[in-house]
Amino acid sequence: MTTNKPSRRHASLVTLVGGGLTTTLVTLQAVVLIPLYFKYIGTHMYGAWLGSGDFLVWIQAFDLGLSNLMIQRIATAHAEGEDKVVGAWLLTGAAVLVLIVAVVSVAGYSIATALVGWVGTSGPDARLLTSCFRVGVLGASLFLLNSVLVGFARAVQDTVQTNVFGLIATAAGFIATMALLLTGSGLWAIPIGIVIRSGLALAGSFVFLLRNHRDKLAGTLRFERKYALEFL
């Protein structure tokens, strides 16, 4: 017990600092990028993006609370040393969320044209906004998928690496968006930045899972129908 306390305190400190830095970076990103959006994208197109972008935020929140349920169940099983139960909840939760992401992504892709029309764009602007919105749907879907692995990290109280990867992904998305704006990519800078941030965060979470928990999860990952029904 004595030898574990310093490492746990260190992990908690790193997690706290990482979360704070990510929040600070997101705030700084808004302060720095919004004036650039107005300059390089224009008020009309940026306003149209904001009008349609609410759907992207909705996608990111469309896990229906499943991640929280998974965190609770995995945390309980982990505390009791039930590795097989942990693996079953992880794989079943991931499968259910992948199904939800697939449905929401198809819906987002399908309504893009109509949604763009609702915000008052037409012609080339409408086509550009439709394409950018569909790429944004991809980024939001990757973010939602990542919530499974981030939830697992929280459940087993091993969040240092996922926080670090999240910070790196946020910084990379920020830099990519700014670079694309300054080099004339216009509205494309926003959805590409979203995809870069979400994709890197998801990749980092997979690295975390393989490095830290591959041996323990090996042979325990299985789909449990009763857990799926509880999710549903």
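# Exercises on an all-helix chain

The secondary structure of the chain amounts to 8 helices and 0 strands. The model is predicted.

## Exercise 1: Overall description

Describe the chain by its element order, its extent, its burial and its contacts.

Solution.
- Step 1. Along the sequence, the elements follow the pattern α-α-α-α-α-α-α-α.
- Step 2. The C-alpha trace spans about 60 × 40 × 20 Å along its principal axes.
- Step 3. The chain has 232 residues, and 42% of them count as buried.
- Step 4. Take the contacts between residues at least 6 apart in sequence: 85% of these join residues at least 24 apart.
- Step 5. The accessible surface comes to about 12200 Å², and carbon and sulfur atoms account for 65% of that area.
- Step 6. For the charges, 16 are positive and 10 negative, and their mean positions lie 5 Å apart.

## Exercise 2: The surroundings of Ile74

Locate Ile74, decide whether Ile74 is buried or exposed, and list the residues that Ile74 touches.

Solution.
- Step 1. Ile74 belongs to helix 3, which covers residues 66-79.
- Step 2. The relative accessibility of Ile74 is 0%, so Ile74 counts as buried; the cut-off for buried is under 20%.
- Step 3. Leaving aside residues up to four places away in sequence, Ile74 touches Val86, Trp89, Leu90, Phe152, Ala155 and Val156.
- Step 4. One of these partners, Ala155, is 81 residues from Ile74 along the chain, yet the two C-alpha atoms are separated by 5.8 Å.

## Exercise 3: Salt bridges

State how many salt bridges there are, and work out which parts of the chain the pair Glu230 and Arg73 ties together.

Solution.
- Step 1. The count comes to 2 salt bridges.
- Step 2. In one of them Glu230 pairs with Arg73, with the closest N and O atoms 2.5 Å apart. Glu230 lies in helix 8 and Arg73 in helix 3, so this pair ties together parts that are 157 residues apart in sequence.
- Step 3. Both ends are partly exposed: Glu230 has a relative accessible area of 38%, and Arg73 has one of 29%.
- Step 4. Glu224 forms a salt bridge with Arg222, where the closest N and O atoms are 2.8 Å apart.
- Step 5. Glu224 is buried, with a relative accessible area of 19%, whereas Arg222 is partly exposed at 31% relative accessibility.
- Step 6. Glu224 sits in the loop between helix 7 and helix 8. Apart from residues up to four places away in sequence, Glu224 touches Ala88 and Thr92.

## Exercise 4: A nonpolar patch

Name the residues of the nonpolar patch on the surface, and place Phe223 in the chain.

Solution.
- Step 1. The patch is formed by Leu91, Leu221 and Phe223, which together have about 270 Å² of accessible area.
- Step 2. Phe223 is in the loop between helix 7 (189-217) and helix 8 (225-231).
- Step 3. With 48% relative accessibility, Phe223 counts as partly exposed. Membership of a patch needs over 30% relative accessible area.

## Exercise 5: The backbone at Gln157

What is notable about the phi of Gln157, and where does Gln157 lie?

Solution.
- Step 1. Most residues other than glycine have a negative phi.
- Step 2. Gln157 is not a glycine, yet its phi is positive, at about 55°.
- Step 3. Gln157 lies in the loop between helix 5 (123-155) and helix 6 (160-182).
- Step 4. At 75% relative accessibility, Gln157 counts as exposed.

Key:
Residues numbered from 1 in each chain as written. Predicted model: local features only at pLDDT ≥ 70, side-chain atom pairs only at ≥ 80, totals over all residues. Heavy atoms only, no water. Helix = DSSP H or I, 4+ residues; strand = E, 2+ residues; numbered from the N terminus. Buried < 20%, exposed > 50% of the residue type's maximum accessible area, 1.4 Å probe, protein only. Contact = heavy atoms within 4.5 Å. Areas by Shrake-Rupley, 256 points an atom, 1.4 Å probe, with all protein chains shown as cover. Lys, Arg positive; Asp, Glu negative; His and termini not counted. Charge placed at Lys NZ, Arg CZ, Asp CG, Glu CD. Patch = residues over 30% accessible without salt bridge, like charges linked within 9 Å, V, L, I, M, F, W, Y side chains within 5 Å. Salt bridge = Lys/Arg side-chain N within 4 Å of Asp/Glu carboxyl O.
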